[in-house]
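Colleague: I have the file open and a few questions. Can we go through it piece by piece?

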Amino acid sequence: MADRHTEPRALSEKVWERHVVSRTEGKPDLLFVDLHLVHEVTSPQAFDALRMAGRTVRHPELTVATADHNVPTTGLDRPVADPISAKQLEVLEANCASFGITCYPMGHSNQGIVHIIGPELGLSLPGMTVVCGDSHTSTHGAFGALAFGIGTSEVEHVLATQTLAQPRPATMAIEVDGALPAWVSAKDVVLAIIGKIGTGGGIGHVIEYRGSTIRSLSMEGRMTVCNMSIEAGARAGMIAPDDTTFAYIEGRPHAPSGARWEEALSDWRGLVTDEGATFDSTVRIDTSSLAPHVTWGTNPAQVVPIGGSVPHPDELVEPSAREAATRALEYMGLVPGTALRDVAVDTVFIGSCTNSRIEDLREAAQVLGGRQVREGLRALVVPGSHRVKAQAEAEGLDKVFIAAGFEWREPGCSMCLAMNPDKLSVGERCASTSNRNFEGRQGRGGRTHLVSPAVAAATAVAGHFATPDELP
Amino acid sequence: MKPVRVVSGRAVPLDRSDVDTDQIIPSDWLKRVERTGFGAGLFSDWRDGRDFVLNRPEHAGATVLVAGPNFGTGSSREHAVWALMDYGFEAVVSPRFGDIFRINCTKQGLLPVQVEPSLGRALIDAVIQDPSLELTIDVARGTIEAPGAGLSGTFPLDEFTRDRLLNGWDDIGLTLRHEKAISRYEQARPTWMPSAPARS
Ligand code: SF4
């Protein structure tokens, strides 16, 4: 076998290699986990199993928990109305207390969506392995971390051993080049990518997003892109760290400082794909004429530019895609050929781990300033964390949203997956900045269209899908 | 985990692609803190439709689910696997699985049988045509056979996962055999790595 360290390697391979605890031919590698994030939904059974086996948490100090999926976004001073949710939230706190794990419960100033708080607290850093019982753990890859979602059995495994046995994934480069036209955001870039490679296009792969467009994105934008890697089926998504990354991290609560910061920086600067490294596959996207994207169906790959129309299933080549499109249109209550701009919405949701960071809220507020939400339309903003909420309030964004007719809510996953009271009803149509337009995702029978924060805000004003520059 | 060697029985044909884990077990069901009782929630949004394939009497008691491509994509919820198993499924057949779902399956002993797209298609058609068709999946040999329809094929399973399934080994126990290597790794971690001090 050639010496791995003299051959050019991709970023993901470098990060992978430095976490191999043990390697045996024919078996998955045993990887060390630097950070394990935990939330209330996928952890109770893991803690239970740990207890039943008489095991302990190997590294409570490398484990951080928060409540996000279930928490209500109003009335935090009142008890949680849904007894089953309340129990799950209580169980999280009790488990963390008994195993010595830091936990940010509902109402805590560090609480928020797990993928928002890791980066903002400086817990998710370049070159780390980050796992969580949640598929959107890919978000943390924006820092050059190898970050992926795991199931509850693996949560238990990480709690007990701080390691995971993983088969080595394939590598995929997605090269994104071209300037971004006005009002075209990271969300549109990633929707276009998923539209191109499909929901299964990244299965078994770690994607590295590369190219001038990616380099020009802020950390918030990069997180939006990496967040949705899983919607293309990818194991993880990564972006090589650079000065934008380092500037974002410096000074955050858990970020290294002083001599350790210098040590970290010199290490992080080496976290790039080597010249001459090869990827198992490469996809290229030119963004110079990209338009904002809107999904029309029930998976994120069923997407078109906002100027487009609902496709005709018979135009699709693959029988399974045809069948899926037909079913999706029926569920979504859409007729082929309808222009997306003519589709009216009932609700607008700005939130989720894809688009609830400060920059997303700024972008939406910029569109809403001096404008009004369309009469009769329900509009809510759910900041990703208490820190985001506080920052937004310090900037006066809450006032802009409220004046426009939006509800300004408490942080959490909220209407992204409808485990709390924020749900769509049957047939209700929603423009959402979240990441999944699956059937019933935002409430049974609800119809979700994925969009960027700017399009969500413009749509709230227009009452139908719109870009900000179309508003009067 | 109980050892899994051979799964045989009738199948349910779920002729849909991109069946994500939100469909397998909708989020309402995720509030439970137990690991049992999820069978009632399996495909619960679809099961209300009387025509839904799971509701057809001819498929009662089936142990294999044969689905279209991209099965189990989306959310990492292992509840999807618990629901399928609690309902009575012992294997799922699809041309392509979501990565996390596939891993979750092997942790619990639900067999993810990844077949060539043409075989996947043929199996669905065969089961639709003859609901009494018997399928046999052999873990050691990595084969799936439906002799009644003249269909057979292989599916990939890495050596490690196969041995784990055949023996019903506990993953954590296996990992802890590497205790020395883990300790050695821990000693050498960079000092800049963040930690959230444990509470007493
Ligand atoms: S915001 Fe949505 S996608 Fe993100 S972690 Fe919460 S439920 Fe999952």
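Colleague: Which residue does the D48(A) side chain meet in a salt bridge?
Modeller: In this predicted model, D48(A) pairs with R51(A), at 3.2 Å from N to O. A salt bridge here is a side-chain nitrogen of Lys or Arg within 4 Å of a carboxyl oxygen of Asp or Glu.

Colleague: How far apart are D48(A) and R51(A) in helix α2 of chain A?
Modeller: They are three residues apart in α2 (residues 44-52), which means a separation of about one helical turn. Helices (H or I, at least four residues) and strands (E, at least two) are DSSP runs, numbered from the N terminus.

Colleague: Is D48(A) buried or exposed?
Modeller: Neither; D48(A) is partly exposed, with a relative accessible area of 36%, and R51(A) is partly exposed with 40%. Buried means under 20% relative accessible area, exposed over 50%, and partly exposed in between (1.4 Å probe, protein chains only).

Colleague: Now E175(A). Which residue does E175(A) form a salt bridge with?
Modeller: With R210(A); the closest N and O atoms are 2.9 Å apart. The pair links distant parts of the chain, with E175(A) in strand β9 (residues 170-177) and R210(A) in strand β10 (residues 205-210), 35 residues apart. E175(A) is buried at 16% relative accessible area, while R210(A) is partly exposed at 22%.

Colleague: And what does K389(A) meet in a salt bridge?
Modeller: The side chain of E410(A), at 3.4 Å from N to O. K389(A) is in helix α13 (residues 386-394) and E410(A) in the loop between β17 (407-408) and β18 (429-432) of chain A, so the salt bridge ties together parts 21 residues apart in sequence. K389(A) counts as buried, at 13% relative accessibility.

Colleague: Which residues do salt bridges with shared partners join into one network?
Modeller: E17(A), R23(A), D29(A) and R168(A). Over all chains, the whole structure has 40 salt bridges.

Colleague: Different topic: why is α8 of chain A largely enclosed?
Modeller: Because nine of the nine residues of α8 (residues 219-227) are buried, the rest of the structure largely encloses the helix. Among the buried residues are M219(A), E220(A), R222(A) and N227(A).

Colleague: On to the interface. How many residues of each chain are in contact?
Modeller: Contact, meaning heavy atoms within 4.5 Å, involves 90 residues of chain A and 64 of chain B. Q45(A), R58(A) and R444(A) supply 10% of the area that chain A buries against chain B, more than any other three residues.

Colleague: What area do the two chains bury between them?
Modeller: About 6000 Å², with 53% of it on carbon and sulfur atoms. Buried area is the accessible area (1.4 Å probe) that two parts lose on being put together, summed over both.

Colleague: How many salt bridges are there between chain A and chain B?
Modeller: Ten. One of them joins D22(B) and R441(A), at 3.0 Å from N to O.

Colleague: What confidence does the predictor give the complex?
Modeller: An ipTM of 0.95 and a pTM of 0.97. Chain B averages a pLDDT of 95, with 98% of its residues scoring at least 70; pLDDT is the predictor's confidence in each residue, from 0 to 100.

Colleague: Any conventions to note?
Modeller: Residues are numbered from 1 along each chain as its sequence is written, and chains are lettered from A and ligands numbered from 1 in the order in which they are written. Local features need pLDDT of at least 70 and side-chain atom pairs 80 or more, while totals for chains, interfaces and linings use all residues; side-chain values use heavy atoms, with hydrogens and water left out.
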